[in-house]
Number of protein chains: 2
Amino acid sequence: MAESTAFIEAAESALGSAGILTGEDVRARKASWLKDDPCQALAILRPASTEEVAEAVRLCASHGRSLIPVGGNTGLVEGTLAGPDDVLLSLERMNRVESIDEAGGTITVQSGVPLQRVQEMAIEAGLAFPLDLGARGSATVGGTISTNAGGNAVIRYGMMREQVLGLEAVMADGTVVSSMNRMLKNNAGYDLKQLFIGTEGTLGIVTRAVLRLRADMPSRNTALLAVDDYATIPKLLRELDAGLGGTLTAFEVLWQDFYDTVVTNTERHSPPLPDGHPFYVLVEARGSDQQADASRFEELLGRCLESALIVDAAIAQGSPQRDALWAIRDDIDNLVDDLSPAMAFDVSLPIADADRYTRRVHERLTEKFGEDYRGTTFGHLGDSNIHFMLTIGTTEHDRQADAMRVVYEELEPYGGSISAEHGIGIEKRAFLGVSRSEAEVALMHRLKAALDPDGLLNPGKVI
Amino acid sequence: MAESTAFIEAAESALGSAGILTGEDVRARKASWLKDDPCQALAILRPASTEEVAEAVRLCASHGRSLIPVGGNTGLVEGTLAGPDDVLLSLERMNRVESIDEAGGTITVQSGVPLQRVQEMAIEAGLAFPLDLGARGSATVGGTISTNAGGNAVIRYGMMREQVLGLEAVMADGTVVSSMNRMLKNNAGYDLKQLFIGTEGTLGIVTRAVLRLRADMPSRNTALLAVDDYATIPKLLRELDAGLGGTLTAFEVLWQDFYDTVVTNTERHSPPLPDGHPFYVLVEARGSDQQADASRFEELLGRCLESALIVDAAIAQGSPQRDALWAIRDDIDNLVDDLSPAMAFDVSLPIADADRYTRRVHERLTEKFGEDYRGTTFGHLGDSNIHFMLTIGTTEHDRQADAMRVVYEELEPYGGSISAEHGIGIEKRAFLGVSRSEAEVALMHRLKAALDPDGLLNPGKVI
């Protein structure tokens with residue numbers, strides 16, 4: 001306890017009183033997005049500059065304390081969960097947009113800036129930041145980099161990794177590595193930023209970043225399509241991707257169980273298409289010429305109907321209809337209530353295998369949990385990502401672990417991934433071996449040992 | 001000498017007689033693309049499988065011999081140059097396309113497959129592999145991954161890094177790390193493939209890869225535009241990128257000195273536009289509907305003329321005219337002859353600064369070398385990449401080093417890169433400090449020490 005007090009005093013003296021929260025101020029925060037329990041951490045450090053982050057890291061090192069970098073705290077894999085001896089490091093005071101280069105199409109920000117602010121600043125500058133996800137208001141640039149966030153537009157624009165041109169990070173020994181590259185092309189030696197993207201704060205703390213902005217694509221054409229045979233879905237994806245000239249931005253598949261749960265069995269949405277189809281596909285194209293793009297979109301969907309790639313289509317006429325289609329896909333909060341106590345999954349596998357895999361998971365969970373099991377399937381299938389939202393009627397740890405085992409084990413024959421876009425954190429660590437070989441995990445440990453030999457940064461997460 | 005003989009015997013016994021070249025067979029190959037001298041290596045190992053690559057690496061390790069992985073030998077930075085004690089490792093016998101997944105849009109290949117074969121196989125499958133560069137016939141998948149190759153379509157599709165979904169590599173201790181991911185989204189732990197992309201064979205030898213294929217974009221609209229004021233070039237790029245709905249694929253800028261040297265002062269090309277403009281911009285959009293895309297392209301260029309973003313335009317009518325425009329941009333072999341003895345450069349910096357930088361380099365080289373200096377400037381400016389082709393009238397080492405110093409030093413104020421897309425190799429190693437801080441270089445050494453502690457793989461390259 002005396003050691004804790006000494007640490008807190010030293011941190012206060014290094015970072016000032018605004019630079020550290022303890023006691024009730026910590027307890028007032030949630031432990032994680034998934035848990036309503038209060039945060040347990042000993043302290044939350046709130047450095048105001050890269051130099052203060054480095055100082056906080058050196059302070060923790062000298063006190064033999066590990067630390068957990070935290071962003072918007074809306075991650076889904078307990079990647080920032082803290083125990084009572086843990087120290088959290090939040091970059092919430094480092095929330096400055098430093099500059100926008102309109103000519104070069106870049107924005108330079110501190111890590112604590114929320115994603116939505118980047119999007120808004122980009123639009124103000126006549127450009128766009130295309131990475132988007134539900135937690136846009138809370139998720140920070142640092143968090144989305146550390147977890148290599150995905151979302152709805154990955155099929156066209158890639159993950160967060162592809163949006164990061166440069167970054168600055170503080171390493172476990174307090175060294176600041178600044179790689180604030182602003183160019184699309186830079187092959188001057190190893191691309192060091194990759195070490196800090198998607199490594200969940202275990203190899204360094206991202207303090208600043210240069211992000212790539214894109215041309216704004218104001219025209220949007222959106223439709224919900226009905227498909228009766230899964231085998232046509234990959235063909236439909238190829239047909240739309242080719243026929244829309246590269247403007248296909250979203251390709252979301254809703255299995256019938258999802259459509260029934262969210263649309264047919266509730267009054268929440270006016271059904272855009274009849275129920276009873278095995279698959280519904282939400283597609284969106286974004287371009288620059290609403291009228292011309294709409295004709296092309298409608299003609300192409302017409303051809304897809306003729307060639308029986310799809311059996312029905314509801315094309316959004318105007319933005320209220322478009323918003324209504326997206327509201328079905330995004331009705332996750334209600335879905336969580338419908339399937340309480342709910343379990344959420346985020347996996348990926350080659351698109352051709354996704355339905356076979358899904359059926360097998362459904363069969364095995366039904367065998368194991370009987371009527372306690374109810375599941376829904378949906379996801380960004382265009383980029384191979386499936387989400388399950390399901391219930392087995394209990395929150396009991398062992399039963400939930402059994403369900404997880406089914407979902408993850410069945411990925412193995414397809415070379416699938418236990419984490420498409422949410423990361424590993426604590427939650428999936430035990431299953432890492434499903435998607436990664438021993439040699440891969442050994443190499444991860446080797447990297448960790450090389451960059452953080454004392455295990456100071458986010459210990460126990462990922463590996 | 002006895003040790004060399006023992007090594008060669010051991011290699012023959014491990015890899016078979018087809019698995020090793022020595023003596024005249026080695027000398028029959030060029031030392032590098034830039035040098036007509038014969039290859040000096042002690043031996044060229046030619047393993048036929050990943051297991052044989054691992055065996056070759058272990059063999060070299062046990063004999064205390066370093067090795068240099070080599071692809072198509074068309075790199076431009078002496079990244080695979082070998083001395084008389086060096087052992088080259090070529091994957092030329094590992095040239096099998098293993099599979100194409102049309103539904104998932106992936107191709108799985110061994111590293112020795114040439115880039116052009118990947119492009120051709122993709123087209124046969126109704127898809128496309130968008131990364132393209134002049135050396136497509138010789139450059140291999142392994143080489144383009146190891147150097148993170150770029151080319152003409154990076155503005156839309158990214159570098160080779162963005163095309164690689166998964167890979168397999170042999171590490172310095174002979175371990176095979178297989179990360180043959182086939183999904184667009186996979187956040188299951190550290191993204192290990194990044195260690196082997198763009199690290200020029202210094203951290204591992206890439207043996208196989210899964211590459212992302214895209215929808216084919218058969219419609220092509222191409223134009224050469226004249227611009228009188230550099231300040232409008234970044235605006236033109238933004239205007240075209242936005243106005244073409246995301247189909248802008250190439251944005252190549254030719255400075256007047258390039259246009260004069262290649263077009264005006266020769267009979268090689270029929271001039272598509274009058275001479276005398278300070279800048280010529282070659283733009284190409286690729287989509288799926290030739291007729292609709294052409295109207296949009298022409299209308300947009302008409303608006304650019306009206307708003308004075310451009311002062312003249314030659315729009316290619318049909319593919320012979322398109323090829324003629326590209327032939328100007330690609331007339332590099334003749335340019336090398338015109339500027340003999342030529343020096344080639346590959347740098348990047350923020351687009352807004354590119355002309356100021358170029359003028360300064362031109363001034364300083366003129367001051368230093370007087371009339372012996374003649375230079376041309378061109379490049380994939382849409383992705384911030386400038387190439388210089390110049391002569392200072394001599395191949396004398398110290399004079400050339402002086403010229404290099406000017407070109408690279410002047411990048412510093414802009415945070416530019418001494419290598420946009422060709423890598424560092426031996427040629428640029430002395431200048432790495434221009435583009436990378438001490439902390440960055442130290443981190444590169446730390447990675448190298450962690451993954452290849454004995455310096456077995458491509459020693460002396462990059463860092």
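Here a biologist and a modeller talk through a predicted model of two chains, A and B.

Biologist: Let's start with the pair. What makes chain B and chain A related as by a two-fold rotation axis?

Modeller: Look at the superposition: a turn of 180° with a shift of 0.0 Å along the axis lays chain B on chain A, and the RMSD is 0.0 Å. The two copies are therefore related as by a two-fold axis. The same surface also serves both, with 100% of the contact residues of chain B recurring in chain A.

Biologist: How many residues does each chain bring to the contact?

Modeller: Chain A brings 95 residues, and chain B brings 95 residues. Between them the chains bury about 6700 Å², and 56% of that is on carbon and sulfur atoms. On the chain B side, Lys185(B), Asn187(B) and Tyr190(B) supply 16% of the area buried against chain A, more than any other three residues.

Biologist: Lys185(B) again, then. Why is the meeting of Lys185(B) and Glu421(A) called a salt bridge?

Modeller: The side chains come to 2.8 Å, N to O. The cut-off for a Lys or Arg nitrogen and an Asp or Glu carboxyl oxygen is 4 Å, so the pair qualifies. The count between chain B and chain A is eight salt bridges.

Biologist: And how many residue pairs are in polar contact across the interface?

Modeller: There are 54, with both partners at pLDDT 80 or more. Among the elements that give two or more residues to the chain B side are strand 9 (176-179), helix 8 (232-243), helix 10 (290-306) and helix 16 (438-451) of chain B. Helix 16 of chain B gives the largest share, nine residues. Sorted by class, that side has 39 nonpolar, 35 polar and 21 charged residues.

Biologist: Now the backbone. What makes Glu78(A) stand out in its phi?

Modeller: Glu78(A) is not a glycine, but its phi is positive, about 55°. Most residues other than glycine have a negative phi. Glu78(A) sits in the loop between strand 3 (67-70) and strand 4 (87-90) of chain A.

Biologist: How do you know whether Glu78(A) is buried or exposed?

Modeller: Its relative accessible area is 11%. Buried means under 20%, so Glu78(A) is buried.

Biologist: What about Asn458(B): what is its phi, and where does it lie?

Modeller: Phi of Asn458(B) is near 45°, positive again in a residue other than glycine. Asn458(B) lies in the segment after helix 16 of chain B. At 1% relative accessibility it is under the 20% limit, so it counts as buried too.

Biologist: Which peptide bond in chain A is cis, and what is its omega?

Modeller: The bond from Ser340(A) to Pro341(A), with omega near -10°. Most peptide bonds are trans. Pro341(A) is in the loop between helix 12 and strand 16 (342-348) of chain A. In chain B, a cis bond joins Ser340(B) and Pro341(B), with omega about -10°, and Pro341(B) is in the loop between helix 12 (332-338) and strand 16 (342-348) of chain B.

Biologist: Last one: which residues of helix 9 of chain A are buried, and what covers them?

Modeller: In helix 9 (residues 256-264) of chain A, the buried ones are Phe258(A), Tyr259(A), Thr261(A), Val262(A) and Val263(A). Their cover includes strand 12 (219-227), strand 13 (248-255), strand 14 (279-287), helix 11 (319-329), helix 12 (332-338) and strand 17 (374-379) of chain A.

Conventions. Residues are numbered from 1 along each chain as its sequence is written. Chains are lettered from A and ligands numbered from 1 in the order in which they are written. This is a predicted model: local features need pLDDT of at least 70, side-chain atom pairs count only at pLDDT 80 or more; totals for chains, interfaces and linings use all residues. Side-chain values use heavy atoms; hydrogens and water are left out. Contact means heavy atoms within 4.5 Å. Buried area is the accessible area (1.4 Å probe) that two parts lose on being put together, summed over both. A polar contact is a pair of N or O atoms within 3.5 Å; within protein, one must be able to donate a hydrogen and the other to accept it, and residues adjacent in sequence count only if both atoms are side-chain atoms. Helices (H or I, at least four residues) and strands (E, at least two) are DSSP runs, numbered from the N terminus. Ala, Val, Leu, Ile, Met, Phe, Trp, Tyr, Cys and Pro count as nonpolar, Asp, Glu, Lys and Arg as charged, and the others, Gly among them, as polar. Buried means under 20% relative accessible area, exposed over 50%, partly exposed in between (1.4 Å probe, protein chains only). Copies are superposed by least squares on the C-alpha atoms of residues with pLDDT of at least 70 in both.
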